[in-house]
Amino acid sequence: MALRFSVFCLLILIIICCWKTLQVSGNNITPDCCLRVSPTEISANRVKDYRLQTAENNCNINAVVFITKRNIRICSPPNKKWVQKLIEKLNIRKKKNARHHKKTY
């Protein structure tokens, strides 16, 4: 009886390990994509970073994904003028921070 229980527990452990491996393997990860974009303008002082999402990278739409200081993702339309201006501001901020860190070390 104890042997059956041990074999059963070992089998469950193997199944759990295999399931976790399948979830983490590169072919089974679902990309973190925006499904739609928000037309609402975002203030530059709320945003800390951004990334570009392209339809070529397994996502359905092109978008600019802004990451707020509270780590909230906001998907925005890349062709809007306010989006381009916000990207420029963030790039300038990154360059200033990079120069500042370079001087202090």
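**View 1. Val65 faces Cys75 across a strand pair.** In this predicted model, Val65 sits opposite Cys75 of strand β3. A little further along, Ile67 has Arg73 of β3 as its opposite number. The two strands involved, β2 and β3, run antiparallel and are joined by four bridges. For anyone thinking about the chemistry, strands of a sheet pair through backbone hydrogen bonds, either parallel or antiparallel. Cys75 turns up again further down, since this residue also forms a disulfide with Cys34.

**View 2. The turn between β2 and β3 has a positive phi.** Zoom in on the end of the hairpin and you find four residues between the strands β2 and β3. Which residue takes a positive phi in this hairpin? That would be Asn71, with a value near 65°.

**View 3. Three strands make an open sheet.** Pull back a bit and the strands line up in the order β1-β2-β3, with antiparallel pairing. The edges belong to β1 and β3, each of which pairs on one side only. Going from one strand to the next, the twist averages 25°. As for the chain as a whole, there are two helices and three strands, and from the N terminus on the elements read α-β-β-β-α.

**View 4. Cys33 and Cys59 are tied together.** Two disulfides come out of a search of the whole structure, and this view shows the one between Cys33 and Cys59, with S to S at 1.9 Å. The link ties up distant parts of the chain: Cys33 belongs to the loop between α1 (2–24) and β1 (47–53), while Cys59 belongs to the loop between β1 and β2 (63–68), 26 residues apart. Is the link left-handed or right-handed? It is left-handed, with -70° about the S-S bond of Cys33 and Cys59. Both cysteines, Cys33 and Cys59, are buried.

**View 5. Cys34 and Cys75 make the other disulfide listed here.** The sulfur atoms of Cys34 and Cys75 are 1.9 Å apart. Distant parts of the chain meet here too, with Cys34 in the loop between α1 and β1 and Cys75 in strand β3 (residues 73–76), 41 residues apart. The torsion about the S-S bond of Cys34 and Cys75 is about -75°, so this disulfide is left-handed. Cys34 is buried, and Cys75 is buried as well. Count the bonded cysteines along the chain and the disulfides follow the pattern 1-3, 2-4.

**View 6. Twelve residues make up the largest nonpolar core.** Its members are Ile42, Ala44, Val47, Tyr50, Val64, Phe66, Ile74, Trp82, Val83, Leu86, Ile87 and Leu90. Who chips in? β1, β2 and α2 (81–104) each supply at least two residues of this core. Of the elements, α2 gives the most, with five residues. For scale, buried residues make up 22% of the 105 residues in the chain.

**View 7. Aromatic rings cluster around Tyr50, Phe66 and Trp82.** Ring pairs link Tyr50, Phe66 and Trp82 into a cluster, and these three residues are also listed in the largest nonpolar core. Across the whole structure, the search turns up two aromatic pairs. How are the rings of Tyr50 and Phe66 arranged? They form a tilted pair, 6.5 Å centre to centre with 55° between the planes. This pair bridges distant parts of the chain, with Tyr50 in strand β1 and Phe66 in strand β2, 16 residues apart. Both Tyr50 and Phe66 are buried.

**View 8. Arg46 sits in a loop and touches residues further along the chain.** You'll find Arg46 in the loop between α1 and β1. Arg46 is partly exposed, with a relative accessible area of 43%. Leaving aside residues up to four places away in sequence, Arg46 touches Thr68, Lys69 and Ile74. One of these, Ile74, also belongs to the largest nonpolar core. Arg46 and Phe66 are 20 residues apart in sequence, and their C-alpha atoms are 9.5 Å apart in space. For the chain as a whole, 43% of the contacts between residues at least 6 apart in sequence join residues at least 24 apart.

Terms used:
Residues are numbered from 1 along each chain as its sequence is written. This is a predicted model: local features need pLDDT of at least 70, side-chain atom pairs count only at pLDDT 80 or more; totals for chains, interfaces and linings use all residues. Side-chain values use heavy atoms; hydrogens and water are left out. A disulfide is a pair of cysteine sulfur atoms within 2.5 Å. Buried means under 20% relative accessible area, exposed over 50%, partly exposed in between (1.4 Å probe, protein chains only). Two strands pair if DSSP finds at least two bridges between them. A nonpolar core is a set of buried Ala, Val, Leu, Ile, Met, Phe, Trp, Tyr and Cys residues joined through side-chain atoms within 4.5 Å. Axes are lines fitted to C-alpha atoms, for helices over the stretch in contact, and angles run from 0 to 180 degrees between N-to-C directions. Rings of Phe, Tyr and Trp (its six-membered ring) pair if their centres lie within 6.5 Å; planes under 30 degrees apart count as stacked, over 60 as edge-to-face and the rest as tilted. Contact means heavy atoms within 4.5 Å.
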